[in-house]
Amino acid sequence: MMRVEPIELDGRTVVAIEVKLPKTTLLVVTTDKGYIMCGALDVGLLNERLSDRNIIAARATGVRTIGELLDAPLESVTHTAEALGVLPGMTGREAIRKML
């Protein structure tokens, strides 16, 4: 099952996506610029093999809901996200604010 839900943050709308898969759930919150995602995101791949795409993305691990993804500290970020001011340790919510 897949659920897509708009979320209001600082008067702007971002999109939360939840995909239920066997034995796991994929979680994403996205803006027009970038996104945060659960532990399934391969930041190394984005930084190395897809670096020419300049993807703004960050990963939080150990999250099971969209709320947890927004509140969790980021474990890793892409180089392009870091250049935008998105840093490991900040919450997903703080990162999304920088991506607005």
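## Val15 in strand S2

Val15 sits in strand S2, which covers residues 12-21. This is a predicted model. With a relative accessibility of 29%, Val15 counts as partly exposed, because that class lies between the buried limit of under 20% and the exposed limit of over 50%.

Apart from neighbours within four places in sequence, Val15 is in contact with Val4, Glu5, Val28, Val29 and Thr30. One of these residues, Val29, is 14 residues from Val15 in sequence, and the C-alpha atoms of Val15 and Val29 are 5.6 Å apart in space.

## Loops on either side of S2

Asp10 belongs to the loop between strand S1 (2-9) and S2. The phi angle of Asp10 is near 55°, which is a positive value in a residue other than glycine.

Lys23 is placed in the loop between S2 and strand S3, residues 24-30. Phi of Lys23 is also positive in a non-glycine residue, with a value near 70°. S2 and S3 form a hairpin with two residues between the strands, and Lys23 takes its positive phi in this hairpin. Lys23 counts as exposed because its relative accessibility is 90%, and the exposed class begins over 50%.

## Pairing around S3

S2 and S3 are paired in the antiparallel sense, with seven bridges between them. Within S3, Leu27 is the residue that stands opposite Glu18.

S3 is also joined to strand S4 (residues 34-37), again antiparallel, by three bridges. The connection from S3 to S4 is a hairpin of three residues. Two positions show how S3 and S4 face one another: Val28 stands opposite Met37 in S4, and Val29 has Ile36 in S4 as its bridge partner. Val28 and Val29 are also among the residues in contact with Val15.

## The sheet as a whole

The six strands make an open sheet with mixed pairing, in the order S1-S2-S3-S4-S5-S6. S1 and S6 are at the edges with a single partner strand each, so one side of each has no neighbour in the sheet.

## Ser76 in edge strand S6

Ser76 is located in strand S6, which consists of residues 76-77. Is Ser76 buried or exposed? Ser76 counts as buried because its relative accessibility is 16%, and the limit for a buried residue is under 20%.

The side chain of Ser76 makes a polar contact of 2.8 Å with the side chain of Glu75. Beyond neighbours within four places in sequence, the contacts of Ser76 are Val43, Ala58 and Arg59.

## Helix H4 against the sheet

Helix H4 spans residues 92-99, and its buried residues include Gly92, Ala95, Ile96 and Met99. These residues lie on the same side of H4, because they cover an arc of only 100° around the axis.

H4 lies across S1, S2, S3, S4 and strand S5, the last of these covering residues 56-59. Relative to S4, H4 runs at about 170°.

## Overall build of the chain

The chain contains four helices and six strands. Along the sequence, these elements follow the pattern β-β-β-β-α-β-α-β-α-α.

What radius of gyration does the chain have? The value is 13 Å, which agrees with the figure near 13 Å for a compact globule with 100 residues. Along the principal axes, the C-alpha atoms fill a box of roughly 35 × 30 × 20 Å.

Of the 100 residues in the chain, 39% are buried. Among contacts between residues at least 6 apart in sequence, 33% join residues that are at least 24 apart.

Conventions: Residues are numbered from 1 along each chain as its sequence is written. This is a predicted model: local features need pLDDT of at least 70, side-chain atom pairs count only at pLDDT 80 or more; totals for chains, interfaces and linings use all residues. Side-chain values use heavy atoms; hydrogens and water are left out. Buried means under 20% relative accessible area, exposed over 50%, partly exposed in between (1.4 Å probe, protein chains only). A polar contact is a pair of N or O atoms within 3.5 Å; within protein, one must be able to donate a hydrogen and the other to accept it, and residues adjacent in sequence count only if both atoms are side-chain atoms. Contact means heavy atoms within 4.5 Å. The arc is that of the directions from the helix axis to the C-beta atoms. Two strands pair if DSSP finds at least two bridges between them. Axes are lines fitted to C-alpha atoms, for helices over the stretch in contact, and angles run from 0 to 180 degrees between N-to-C directions. The radius of gyration is taken over C-alpha atoms; the globule rule is 2.2 Å times the number of residues to the power 0.38.
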